[in-house]
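The exercises below are meant to be worked with the sequence and the structure side by side. Try each task before reading its solution.

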Amino acid sequence: MDLVTPNVGLIFWTGILFVLLLLILWKFAWKPILGTINKRNQSIEDALNAADKARQDMQKLQADNKKIIAEAATERDRMLKEAREFGDDIIKKAKEDAKLEIIKLKENAQMEISAQKAGAINEIKNQVAVLSVDIAEKILRRSLSTEEKHDDLVNDMLKDIKLN
Amino acid sequence: MVGLASIGAAIAVIGAAYGIGKIGAGAMDAIARQPEAAGKIQMAMIIAAALVEGVALFAVVVALLQG
Amino acid sequence: MKVSLFKYLILSLLIIASNALLASEEADTTKSNDFDVNEVLMHHIKDTYEWHILDYVNKNDEHVVVSIPFPIILIGNGQFDIFMSSEFHHGDKTVKRGNNEYILYHEKIYYKSENGNEHGIEYKLNDKGEKIVANAKPLDFSITKNVVGVFLIVIVMLLIFLSVARGYKKRPGRPAGLQAFMEPVILFVKNDIVVPVIGEHKSEKFLPYLLTVFFFILFGNLFGLMPIFLGGANVTGNISVTFTLALFTMLITNFSGNKEYWKHIFAVPGVPIWLYPIMIPVELLGIIIKPFALMVRLFANITAGHIIVLSLISVIFIFKSAVMASVSIPLGLFMNILELLVAFLQAYVFTMLSALFIGLAVQEEH
């Protein structure tokens, strides 16, 4: 019975001491402690958010980089293609030019050849004429020793010339 | 009279012990089923056990008042 | 891990040993040779007007008691009296102040009765036929052992938490030392007890009270387990102390109760009107019963723990054999370790239920 009977004096002192403890701790301990913990939690959260944001930025940056690289690659491809086409064009053009030149050269050569041939034929003709004249002279000298022979020859010659 | 009060308290304690035992068994079962909810189950278990215990303590206090 | 476990074991053994010491000293105080367990237990658990350290019988066969006396403050017959408890000479002498003559009988102060026995104690029979003291009592505001115990808890808590708060001002980012030791406990109370039942936003207002009550009970329980230094007083196992704490919870719950809370009491939703005459008294009774259960739970758990440990130690003196120590000391050690758990658990339960009651009183309609 005694054990479970509250005592007014002890309740009084406990109440006073507890209220004092509560007020002092409230003002000087719990407020700063909880405030600091909350602030720290806030700062940690902020830091985490910032890290998240940084990561997202990084990802965006990486994506941008990829895009830029892809663009650069396509640009390079395009340039290469262009260069190749340009080169092909040049080669083609060079080939065509060369062909034309060859044709021209051929023509020139043919012309030259024909000219030479003509020249040569003329030369040969002249030579043949000279030789013929020489031969004829010699033959004449020998065969025209007689009159008859002389006449025959003239006749033959005339026949030949007509044919020509 | 003192003896009777003690026997009454003892009966109340048996009841409370059975109740707390059932709560503990239920909590174990629940934790085994859902280990990820262990924290919540523990809290609910302690509250339920405290409430059962409170009833038993009334009996003990009555016994003390008699004695 | 092993080393720390060993340390705990040593510490617990020391606690047990000093408990045994206390029990043995108390055993000698009984006048008769018979060892009265009840007397020893009640002496330990109840409040006293002095801090009893030890007593012995000296060479001249005189009973010497070594104890720290506390001031006694009495209000009676329009008089305000303050004197040291040593003036009672442990109940051997009466103290006279003006018209009042006080006597100390079984750790309680009464007015001396004219027609009492040689101690000035007058008995009467109660309705059960038991002899009880009939003397009138003055209003007693004495500084008793438990008041000093509460005072020690307050001082230790102030020292610890003010230094922790200073630590937070100095190093807000990285806790160190005591601050690092206390922070998880504070966060445990905040995040695992209070916030889940009251809610993040509303808990701010009640957190200081709940933290204070948690640490007050925790320190009270732990000091109660220490036999001499800081301890010895059975603070949280005293019904007046638990009554005060439960009263605070009750006041805070009812003063912060919102419209919903009172509606639940006076117009329980979903209950037909003809049931109101039953429901309203039940709900009103609930306002008292909830803190009453808080009060009794803490008191009974801590008192029961002390009684069990002391009973186990008393076994040695009941059997008057040191051999019994080999049984009762390990059992007492086990109980003391269990009490460490109970010390924490009861602080947790008290805080949790207080938070729950407050949480129910401030919750919004859902």
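**Exercise 1.** In which kind of interaction do the side chains of R76(A) and D77(A) meet, and what is the N to O distance?

Solution. Keep in mind from the outset that this is a predicted model. The side chains of R76(A) and D77(A) meet in a salt bridge, with 3.5 Å from N to O. The next step is to ask how open each partner is: R76(A) has 51% relative accessibility and therefore counts as exposed, the cut-off being over 50%. D77(A), with a relative accessible area of 42%, is partly exposed. Chain A also holds a network of salt bridges, which links E75(A), R78(A) and E82(A).

**Exercise 2.** Describe the salt bridge between R33(B) and D29(B), and place both residues in the secondary structure of chain B.

Solution. Begin with the distance, which is 3.3 Å from N to O between the two side chains. Then look at the positions: both residues lie in helix α1 of chain B, which covers residues 2-33, and they are four residues apart, or about one turn of the helix. Finally, compare accessibility with the cut-offs: R33(B) counts as exposed because its relative accessibility is 65%, while D29(B), at 43%, counts as partly exposed.

**Exercise 3.** How many salt bridges are counted between chain C and chain A, and which residues form a salt bridge there?

Solution. The count between chain C and chain A is one, whereas the count over all chains comes to nine. R40(A) and E183(C) form a salt bridge, and their closest N and O atoms are 2.3 Å apart. E183(C) belongs to helix α4 of chain C and R40(A) to helix α1 (residues 8-143) of chain A, so the pair joins two chains. As a last step, check the accessibility of the partners, both of which are buried.

**Exercise 4.** Characterise the contact between chain C and chain A by its residues, its area and its elements.

Solution. Start with the residues: chain C contributes 49 and chain A contributes 32. The size of an interface is often given as the accessible area lost when the parts come together. Here the area buried between chain C and chain A is about 3,700 Å², and carbon and sulfur atoms give 81% of this area. On the side of chain C, F141(C), Y168(C) and T212(C) lose the most area to chain A, together 14% of what that side buries.

Next, turn to polar contacts, for which the rule finds five residue pairs across the interface of chain C and chain A, with both residues at pLDDT 80 or more. The elements of chain C that each supply at least two residues to the side touching chain A include α2 (37-45), α3 (145-170) and α4 (178-198). Of the elements, α3(C) gives the most to this side, with 12 residues. Sorted by class, the side of chain C that touches chain A has 33 nonpolar, nine polar and seven charged residues.

**Exercise 5.** Is E339(C) buried or exposed, and how far away is the nearest side chain of opposite charge?

Solution. First locate E339(C), which is placed in helix α9 (residues 325-362) of chain C. E339(C) is buried yet has no salt bridge, and the nearest side chain of opposite charge, that of R297(C), is 14 Å away. To see what surrounds E339(C), leave out residues up to four places away in sequence; E339(C) then touches L225(C), N301(C), G305(C) and V309(C).

**Exercise 6.** Compare where T48(C) and K320(C) lie, and determine how accessible each one is.

Solution. T48(C) lies in the loop between α2 and β1 (50-57) of chain C, and K320(C) is in the loop between α8 and α9 of chain C. T48(C) counts as buried because its relative accessibility is 4%, and buried means under 20%. K320(C), by contrast, counts as exposed at 62% relative accessibility. The local details complete the picture: the side chain of T48(C) reaches the backbone oxygen of E50(C) at 2.8 Å, and phi of K320(C) is near 50 degrees, a positive value in a residue other than glycine. Beyond its neighbours within four places in sequence, T48(C) is in contact with H43(C), E107(C), T144(C) and K145(C).

How values were computed: Residues numbered from 1 in each chain as written. Chains lettered and ligands numbered in written order. Predicted model: local features only at pLDDT ≥ 70, side-chain atom pairs only at ≥ 80, totals over all residues. Heavy atoms only, no water. Contact = heavy atoms within 4.5 Å. Buried area = accessible area lost by both parts, 1.4 Å probe. Salt bridge = Lys/Arg side-chain N within 4 Å of Asp/Glu carboxyl O. Polar contact = N/O pair within 3.5 Å; in protein donor to acceptor, adjacent residues only side chain to side chain. Nonpolar A, V, L, I, M, F, W, Y, C, P; charged D, E, K, R; others polar. Buried < 20%, exposed > 50% of the residue type's maximum accessible area, 1.4 Å probe, protein only. Lys, Arg positive; Asp, Glu negative; His and termini not counted.
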